[in-house]
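User: Please take a close look at one part of this model. I would like to know how its strands pair and how the salt bridges sit around the chain.

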Amino acid sequence: MFLVIILCGCSKETNLYVPTNEVTNEENNKEVLSYAEKTLGITIDKNHDWVLSRKYQVTVKADAPMEDIRLVCILSDDPYLSSAQLLASASASNDAEITVEYRAPLAQQLLHAACVNDKGEMQTVAFVPGDGKVSFTKERTVTIERNKVVRRAKRSADEETVVVDDDLLYIPWNRPDYPELQQEALLFVPKKFPEGQTSNRPQVEALNNHSLQTDWIGGQVTMTYLGGRMDNTTTHIGYRIYPIDDPENVQTYIINDRYDASSDDPLKNYMVDEGKRPTNYSSQKVALVWRDHTGNLKNALPPDMKIDFFVVVDGKDMSSDSLRVTVYSVNGRTYLSCEDSNNDTFNDKMFYIEEGIIAAPVAPDVKPAPLTPLFWTYAWEDSELGDFDMNDCVIRVCENADDASKLDITLLAVGAKRDLKVYFAANDVDVFGGELHDVLGIARGQMTNTNQKDVNPVTVTVAKPAGFDFQTNAFKLQTKRFENEMAGYENEYTFVMLPTKGQDPHAIVIPGNWAWPKERVAITQAYPKFSQWAKDVTDMNAQDWYLYPAEKKVMSIE
């Protein structure tokens, strides 16, 4: 789940509270910030804006190989995982180019675009937030030269030339490190497991893909070793290759990187003896091979060939366990990773597959989980001199699943003794139509759902205001001053607004079904990594602080 934060400091003299007939005061804002730092025990980055999401645009070409496409969607995760949520969608038709605007958490490094047809079937491709374009297939005109004989295959107006040397089996290459490819591959099988997981197996099982397929032209396929577990010298990749329409006509190869340029038989560079223990894939990339009907070894693969990968560990074929290897796409590039033990990291060895003229990975024969709109959680302090437990008011919001012009808004908790109301910032409409204690059916001044579930949450469905934005123009909390706080004020009500840069954290907005701190538990205690991020807004390792609550210090209600 994904969480984005909007924090706001509150003062009678700042633009966090906006009281009637009162003037903002920079000096008072500094005093409030100083109070927050003392209460939280941290020094807050003066450039902090407390924003954990960013708005993007991407142009999606609805060219997935499926009929009757009706939607393109931007998803928070792989839809074959239950955690995938809908960030944005737009109507589409086959081959249309649709520009979609979406908002995503800064901590989210990988998103998915999807084409959906009338039957609800879906095909997806991964991409990185900020990418300008996403496509599901690669159309091109290819000129292929084989032994100086040229055949031309037209697929679009664009043209490129691919030269294929039938005698080339390995391409010796003093490979420099490619940290961008290594990092990209690890987005699917990260070294640090996703929240709530003890391995990378859930996403691998959900994808359940260990195959590639050559397209209608065929051609060369090369694999570049990217790295993996240190001193891993006895794990290698094997593959079985066969025509799609003739699966019995199978050839099996196990890749060995002990390249011998002087060898008369390039097949000797492929390990076929289970007793051999090959070395690391060290400084070269390897081309996959196939023997044609004459028995000649070719690295220009025929069209419409299926390639099933498997793992060899200590000379033992592990193909009986298909979930030892996974093939996946990230940002339009294809990778292969494997698991050679039992810890299910699936990054023991990683390869970049240079597709050339190969089709995308074979789509898994499973249905994705139903998509749900992304939740956002909003939590407030009701006073400038608060305890920063962020539970004086907690609401959860998402677009209505049947009508995106409406919002489903749930009042989860009230940890304040003051009278409270929630308003839309865009049009000043009272969201729940009354004081929040009254909405929950509890006595005014009573705190509820801050240490345990006391009452059921209340949900309303309301029209989304024009100009509404989950991050920057969402809600404001109206609070009522106590009598002893009225000195110097003409208006007994004031508003807690969303923050701007340089202010203190008094309200938070998080994309996701967030667990809020219990009563009198400061956010720095409930979420220890919050301090790290508050001290340095540029610390990318702390932008996911909201995923790591301290045990027994938070509350949540489904």
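Analyst: What follows starts at one strand and its neighbours, then turns to charged residues. The model is predicted.

Start with β15 (235–243). This strand is mostly covered: 8 of its 9 residues are buried. It has an antiparallel partner in β21 (residues 305–313), with 9 bridges between them. Within that pairing, Ile241 stands opposite Ile307. β15 also pairs with β16, again in the antiparallel sense, over 4 bridges. Here Gly238 has Ile254 of β16 as its bridge partner.

Thr252 belongs to β16 as well. Its relative accessibility is 39%, so Thr252 counts as partly exposed. In space, the C-alpha atoms of Thr252 and Arg240 are 4.4 Å apart, although 12 residues separate the two in sequence.

Now the loop between β15 and β16 (251–254). Glu248 lies there. Glu248 is exposed, at a relative accessible area of 71%. Together with Asp245, Asp246 and Asp304, Glu248 forms a negative surface patch.

Next, the open sheet. It has 5 strands in the order β6-β5-β2-β3-β26, and the pairing is mixed. Its edge strands are β6 (122–127) and β26 (372–373), each pairing on one side only. Strand β5 (residues 111–117) meets β6 in an antiparallel pairing over 6 bridges. Cys115 stands opposite Gln123 of β6.

Then the salt bridges. Side chains of opposite charge can pair when their charged atoms come close. The count for this model is 18 salt bridges. In one of them, Lys55 joins Asp469, with the closest N and O atoms 2.8 Å apart. Lys55 lies in strand β1 (residues 53–61) and Asp469 in the loop between β31 (458–463) and β32 (475–480), so the pair ties together parts that are 414 residues apart in sequence. Lys55 is partly exposed, at 40% relative accessible area. Asp469 has 8% relative accessibility and counts as buried.

Asp419 and Arg444 form another salt bridge, at 3.1 Å from N to O. Asp419 sits in the loop between β29 (406–413) and β30 (420–424), and Arg444 in the loop between α4 (436–440) and β31, so this pair links parts 25 residues apart in sequence. Arg444 is partly exposed, at 47% relative accessibility.

Lys480 and Glu492 also form a salt bridge, with the closest N and O atoms 3.8 Å apart. Lys480 is in strand β32, and Glu492 is in the loop between β32 and β33 (493–496), 12 residues apart. Both are partly exposed: Lys480 at 26% relative accessible area, Glu492 at 34%. Finally, salt bridges that share partners join Lys55, Glu101, Arg103 and Asp469 into one network.

Key. Residues numbered from 1 in each chain as written. Predicted model: local features only at pLDDT ≥ 70, side-chain atom pairs only at ≥ 80, totals over all residues. Heavy atoms only, no water. Patch = residues over 30% accessible without salt bridge, like charges linked within 9 Å, V, L, I, M, F, W, Y side chains within 5 Å. Areas by Shrake-Rupley, 256 points an atom, 1.4 Å probe, with all protein chains shown as cover. Salt bridge = Lys/Arg side-chain N within 4 Å of Asp/Glu carboxyl O. Lys, Arg positive; Asp, Glu negative; His and termini not counted. Charge placed at Lys NZ, Arg CZ, Asp CG, Glu CD. Helix = DSSP H or I, 4+ residues; strand = E, 2+ residues; numbered from the N terminus. Buried < 20%, exposed > 50% of the residue type's maximum accessible area, 1.4 Å probe, protein only. Pairing = 2+ DSSP bridges.
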